[in-house]
Every structure is written in structure tokens, then in C-alpha cells.
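This report is meant for a reader who is meeting the structure for the first time. Please keep the model open while reading.

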Amino acid sequence: MNVLVLGSGGREHAIAWKISQSSRCDRLFCMPGNPGTAQIATNIKGSANDFEAVRKAVLDNGIQLVVAGPEEPLVLGIRDFFVSDEQLKDVLFVGPCRKGAMLEGSKNFAKEFMNKYGIPTARYRSFSKETLHEGEKFLESLKAPYVLKADGLAAGKGVLIIDSLEEARRELGNMLSGKFGKAGSTVVIEEYLSGIELSVFILTDGEDYLLLPEAKDYKRIGEHDTGLNTGGMGSVSPVPFADASFMKKVEERIVKPTVGALKKEGMDYRGFIFIGLMNCGGDPYVIEYNVRMGDPETESVMTRIDSDFLGHLCAAAKGSLKGEKIEIADNFALTVVAVSGGYPGTYGKGYRITGSENIFSCRAEGNVRIFHAGTAMEGEDIVTSGGRVLTVTVNGNSIEQCRKAAYEEMEKVCFKDICFRRDIGMDLLQ
């Protein structure tokens, strides 16, 4: 079959790489893709948010399955666009309807959803510019640190965790005054949960689900989790503290109630759910829902799936996941992200990337892979084009082995102002 992956980041490169290994895949396309996906697929110019351009690409290339990588086109309603189009309605599509995508598109919606169906999460309240004073009062009722979340999409940067009450009051005002644009017109303030974070991923058809490998990601720019939040600086899978007992709690208290609630709400949900969790003394609490795979967790997760991932995607899109069995490798995967100096603030672009042969070939064999994120072609050269530039992902028998190989590979990668954390996975060794 012919498959189209929408998106251009490391997540989409990893998904495309995994799909390309399936015997069911005849032709693989990415829109717009990047120089990494171009090694395994045909890139199509255009934006995943331009629904008419996506429509043309699907019809021109005989696409039978579309996989939505990023959240924005889903929140904008691309699945609904397909369902309502006479020529697209029979194309298999992995991604929820617009209503389902609100689980990520609005943090307030997600919190109300959790409360309605008894899914464990932190205490919260939502505030607008008109209720700023009430928001300040609510902050005073909480203990530090203070968690402030922009309600809408903010490219993974709309969450602030602040130790000072005065700074929290100031940032609440900044957010409601446009710091994150329209995404911050409503701000969710919630009680801080103390524990260890974990990312759990499921693929669902709205009735049944497959539990994918879990992962832990590292959001802060600085080592030992210091500095500003980013889209993600690394990931590890599996997570040692997520043993069978803990994961049973996750399934019973969170995954099953979530999937059941989708059905009760009448959501046409056929796609991924990324559940950001906090392990609080052995009990799981939901921090957030995302309606797509995480990045850079996907780069680790995909390398541990041994079964036919394309087959699973087709089953989810058809509504026939029941009976599907996922096979997960009994190994570790560790991902380190290389970013441009200055990220997540101002950074330069157009710097030539050299050093490792893996930049030019993401092979199916071997245990070291480079997935492209913010890269572009400039003549014959691959250059930087974003804040998160590329990831090095390594599989091995232990976190220590993966760390050693990942950093050996990363030392080979060269571009101006390269920056990466050197402590990915170290906390899990302790």
C-alpha cells in the first residue's frame, strides 16, 4: 500500500523509518518531510496544515493510509476534513477527530474530561484575563512550586513550573497578556505533583488499544533538569521504575477509563494517545494528554517495536485492533537530541552538519541511528533549520551501554553552536 506521513520532525522520521520496514509498504511519502525522510521516502512539498495541499498529494499519489505526526493539523480538524470529502472518506487515517484532538488542544477541556471520568490528576482551576485576581488568590492557596499551563497549543513551551509565589503571580499576568499568544488566553493553574515523570503511549481504534513501549523524556535545556523547558532533549525506554505492578495500575486506572470515555463521548478516535504521567509514590496521575506520539520519545519507542507497525496502524484506522498483538524488543533505547545554541530562545540557522556517516543513512540494521528534526538541504549539504536539529538513538542491553554508544556517536556530529545534554539516562542509573 501507499502511505503518507504528515510532518517534518524527528518523530515523523522515526515513524516513517519504522513503516518503511513493513512488507506491506509499497511507496512511502512524507509531507513535507526532511533530508532524513528523503533517504527512505519521497518528500512532498507543502504543509500538513494546508488541507487542500494534503488532499492533492493523497489523490495524486494513490495514498491508502495517512498518518498524522504533529498535533496542529489534528486540532484544526484534518480527520474531519477527510471524512467529509467524497474522494477522501475511504482513505485510512491515523489520527483523532477534531473533538478528540481537544484533549491536547485545550488543557482545560482535558482536565474536565479527567474529572468527569474519575481519571486521577492534579487539583486545578482555569482563569482568563477577566479572572486574573481570582487566579492570584488560587496561587496563594497552593504550595510551591506553582504550575501554570497555557490552555492551547504552545509548541511544547506553554508550561511553567515556578518556585516563587511572586514570580508565579507575575507570569500569570504575562501569560494572560499574550506571552503565548492565543494559546494563553486561558491559563490552567494546577497543584504540583511530586514524583517521577513517565510517558505512556497507546494506539487505539476507540474501542480497543495496543500499549506501546513506555519512555521517559527530559524537557529542560540544562543538565540535571535545569533551565528552560524545551520540546525535549532526550528519552529512554523502557523506564526501570515502570514495573509490571505499576503498569497494571496505569492500565486499570488511566488507559482503560480513557478509552472507555472516548466511546462514551462519541469521539471518532483512531490514533495515538500520549499520556504524560507522574509516578507519585507508586500511584500514577495524569499530567496531560497528547493526541500524537511524543518527540523525542518516538525515536526511542519505534526502535523497540518488533512487530509490523504498519499492520497495527491499518488495524487502528479500520477499527479492527482487537486481536492485534504487538511485539516489543527486550532491550533498551536511549535518544540524545542535538540542538542549536540559544534554543529554546533565539538561535541561528543554515549551519552545515558534518561528521557522521549515519547522518546520510538511517539503516534498518545496526544499533545506532540518527533521526533528522530541524534539518534542510542547501545544495549538496545538510544544514540546520530548527532549534532541535537531530537525534542520536541507540539500542543496547543496558542504559549504560546505550549512553556510551550514543555519546560516542554524538561526538562525531559537528555543526556551529551544537548543544546537547550529557546526562540523559543518568538519573535512571541511580
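The text below goes through a sheet and its helices, a helix pair, one strand with its partners, some backbone details and the cysteines. The model is predicted.

**The parallel sheet**

An open sheet is built from five strands, placed in the order 3-2-1-4-5, and their pairing is parallel. At the edges are strand 3 (42–43) and strand 5 (92–94), each of which pairs on one side only. Strands of a sheet pair through backbone hydrogen bonds, either parallel or antiparallel.

Within this sheet, strand 1 (residues 2–7) and strand 4 (residues 65–68) run parallel and are joined by four bridges. L6 has A68 in strand 4 opposite it.

Two helices can be placed against these strands. Helix 1 (residues 10–20) lies across strand 1, strand 2 (27–32) and strand 4. The angle of helix 1 to strand 1 is about 170°. Helix 11 (residues 309–318) lies across strand 1, strand 4 and strand 5, and runs at about 105° to strand 5.

**Helix 5 and helix 6**

How do helix 5 and helix 6 pack? Helix 5 (residues 98–105) meets helix 6 (residues 107–116) at an angle of about 100°, and their axes are 6 Å apart. Because angles of 65 to 115 degrees count as roughly perpendicular, helix 5 is described as roughly perpendicular to helix 6.

On the side of helix 5, the residues in contact are K99, M102, L103 and G105, and they meet K107, F109, A110 and F113 in helix 6. Sorted by class, the contact of helix 5 with helix 6 has five nonpolar, one polar and two charged residues.

Several residues of helix 5 are buried: G100, A101, L103, E104 and G105. L103 and G105 thus appear both among the buried residues and in the contact with helix 6. The cover over the buried residues of helix 5 includes helix 3 (72–75), helix 6, helix 9 and strand 17 (283–290).

**Strand 15 and its partners**

Strand 15 (234–237) has residues pointing two ways: G234 and V236 point one way, S235 and S237 the other way. All of these are buried.

Strand 12 (residues 216–217) pairs with strand 15 in the antiparallel sense, over two bridges. In this pairing, D217 stands opposite S235. Strand 15 also runs antiparallel to strand 18 (residues 332–340), to which four bridges join it. The bridge partner of V236 in strand 18 is L334.

**Backbone details**

Most residues other than glycine have a negative phi, and most peptide bonds are trans. The table lists four places that depart from this pattern.

| Place | Backbone value |
|---|---|
| A144 and P145, cis peptide bond | omega about -5° |
| S237 and P238, cis peptide bond | omega about -5° |
| D225, positive phi | phi near 55° |
| D417, positive phi | phi about 65° |

Where do these residues sit? P145 is in the loop between helix 7 (132–140) and strand 7 (146–150). P238 is in the loop between strand 15 and helix 9 (244–264). The cis bond before P238 is made with S237, a buried residue of strand 15.

D225 is in the loop between strand 13 (220–222) and strand 14 (226–229). The relative accessibility of D225 is 39%, so D225 counts as partly exposed. D417 is found in the loop between helix 12 (399–410) and strand 23 (418–419). With a relative accessible area of 44%, D417 is partly exposed.

**Cysteines**

How many disulfides does a search of the whole structure find? The search finds zero. C30 is in no disulfide, and the nearest cysteine sulfur, that of C25, is 9.7 Å away. A disulfide needs sulfur atoms within 2.5 Å, so a pair at this distance does not count. C30 has 0% relative accessibility and therefore counts as buried.

C419 is in no disulfide either. The nearest cysteine sulfur to that of C419 belongs to C414, 15 Å away. C419 counts as partly exposed because its relative accessibility is 30%.

Conventions. Residues are numbered from 1 along each chain as its sequence is written. This is a predicted model: local features need pLDDT of at least 70, side-chain atom pairs count only at pLDDT 80 or more; totals for chains, interfaces and linings use all residues. Side-chain values use heavy atoms; hydrogens and water are left out. Two strands pair if DSSP finds at least two bridges between them. Contact means heavy atoms within 4.5 Å. Axes are lines fitted to C-alpha atoms, for helices over the stretch in contact, and angles run from 0 to 180 degrees between N-to-C directions. Angles under 35 degrees count as roughly parallel, over 145 as roughly antiparallel, 65 to 115 as roughly perpendicular and the rest as oblique. Ala, Val, Leu, Ile, Met, Phe, Trp, Tyr, Cys and Pro count as nonpolar, Asp, Glu, Lys and Arg as charged, and the others, Gly among them, as polar. Buried means under 20% relative accessible area, exposed over 50%, partly exposed in between (1.4 Å probe, protein chains only).
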